[in-house]
Amino acid sequence: MSAYDLILQGGTLYDPCAGTMELCDLAIKDGKIAAHGKNLNAADAETVMDVTGLIVSPGLIDMHCHVYPVFPYQMPDSLRTINAEEYMFRAGVTTAVDAGTTGWRNFGDFKENVIDATKVRVLAFIDMAAKGMHYPPSEQAVADINPEITAAVANTWSDVIVGVKSAHYWAKHEDADHPIWASIDGAIKAASMSGKIVMVDSIPIVPERSYPDILARLRPGDVHTHVFAQQFPLMDENGRMQPYMLAERERGVHFDVGHGSGSFWFRQAVGCFNQASGRIPSPPTCTIRT
């Protein structure tokens, strides 16, 4: 009997616990890692796979995706959600975190028909809107914001619900029918009642809800997503990151890329990355050829 079922030979092994990447062979026995090291003996394995030039990594986590299939935007050319099993495995993703596609009224359907039915491990943020992002008008309805029910659902399925999402509540003015903090405060209350974190997708659309105000509302451990979208004032007029960004990160607020077709500007991301990592950013240059 061979010592190993499989040896992955010649790849670059990424160890997230140690924070290292090195050329290394990896041996597997009975579905578990049995050994790793340089130049493992190929004769000790039933199967040897040459993975030279490839990265050998634990399964990746996509922490912001939408995998609930019934997600009809009103515009015919809009993107739909994706099939986790169809697209995640091929990219090395073994855990998909749905970012609030469903709320407390339709999470049960999501749980039964997607989470329990797919081979990919699916976790989820539950949306504060009763019907989640499946019905955009629900996201604007204050009557659909129910922290108690949201927390109850999160507690019922606490093994798969990792947080509460506040998204797309675009109140353009504050009045009795549309308090500008209704969705975010509701999400924070529901998260506090269920021991979860909050993910916020909210733009500074009114002066009373500025971007620093949104961040200050969040608790340590909470997440602001789509951070590099154009609408967030991350940089000052000199191309330097606003001081409150580093201060909020130091306080414990997390920033999620939330990469999407309209949610990522390189001019924001590169400047923030350079400064947050201690690099000195170079000013943007432009060459005009005539």
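His-66 is a buried residue in this predicted model, since its relative accessible area is 18%, and the cut-off for calling a residue buried is under 20%. In the chain, His-66 is found in a loop, the one between strand E8, which covers 60-65, and helix H1, which covers 84-87. The side chain of His-66 also has a partner, for it makes a polar contact with the side chain of Thr-101, at 2.7 Å.

A second buried residue can be read in the same way, and here there is a longer list of neighbours to follow. Asp-201 has its place in strand E12, which is made of residues 197-201, and Asp-201 counts as buried because its relative accessibility is 6%, where the cut-off is under 20%. If the neighbours within four places in sequence are left aside, the residues in contact with Asp-201 are Lys-165, Ser-166, Ala-167, His-168, Trp-170, Thr-225 and His-226. One of these, His-168, is joined to Asp-201 by a polar contact between the two side chains, with a distance of 2.9 Å. It is also useful to look from Asp-201 towards Ile-184, which lies 17 residues away along the chain, while the C-alpha atoms of the two residues are separated by 9.2 Å.

From single residues we can turn to a pair of helices. Helix H4, built from residues 147-156, packs with helix H5, built from residues 182-194, at an angle of about 40 degrees, and their axes are 8 Å apart. That angle is why H4 is described as oblique to H5, and the crossing in which H4 passes H5 is right-handed. On the H4 side, the residues that meet H5 are Pro-147, Glu-148, Thr-150, Ala-151, Ala-154 and Asn-155, while on the H5 side they are Gly-186, Lys-189, Ala-190, Met-193 and Ser-194. Sorted by character, the residues of this contact of H4 with H5 divide into five nonpolar, four polar and two charged.

These parts can finally be set within the whole protein. Its secondary structure comes to eight helices and 14 strands, and of its 290 residues, 44% count as buried, His-66 and Asp-201 being among the buried ones. When the contacts in the protein with a separation of 6 or more are considered, 69% of them are accounted for by residues that stand 24 or more positions apart.

Conventions. Residues numbered from 1 in each chain as written. Predicted model: local features only at pLDDT ≥ 70, side-chain atom pairs only at ≥ 80, totals over all residues. Heavy atoms only, no water. Axes fitted to C-alpha atoms, helices over the stretch in contact; angles between N-to-C directions. Helix = DSSP H or I, 4+ residues; strand = E, 2+ residues; numbered from the N terminus. Parallel < 35°, antiparallel > 145°, perpendicular 65-115°, else oblique. Left-handed = near helix turned anticlockwise from the far one by under 90°. Contact = heavy atoms within 4.5 Å. Nonpolar A, V, L, I, M, F, W, Y, C, P; charged D, E, K, R; others polar. Buried < 20%, exposed > 50% of the residue type's maximum accessible area, 1.4 Å probe, protein only. Polar contact = N/O pair within 3.5 Å; in protein donor to acceptor, adjacent residues only side chain to side chain.
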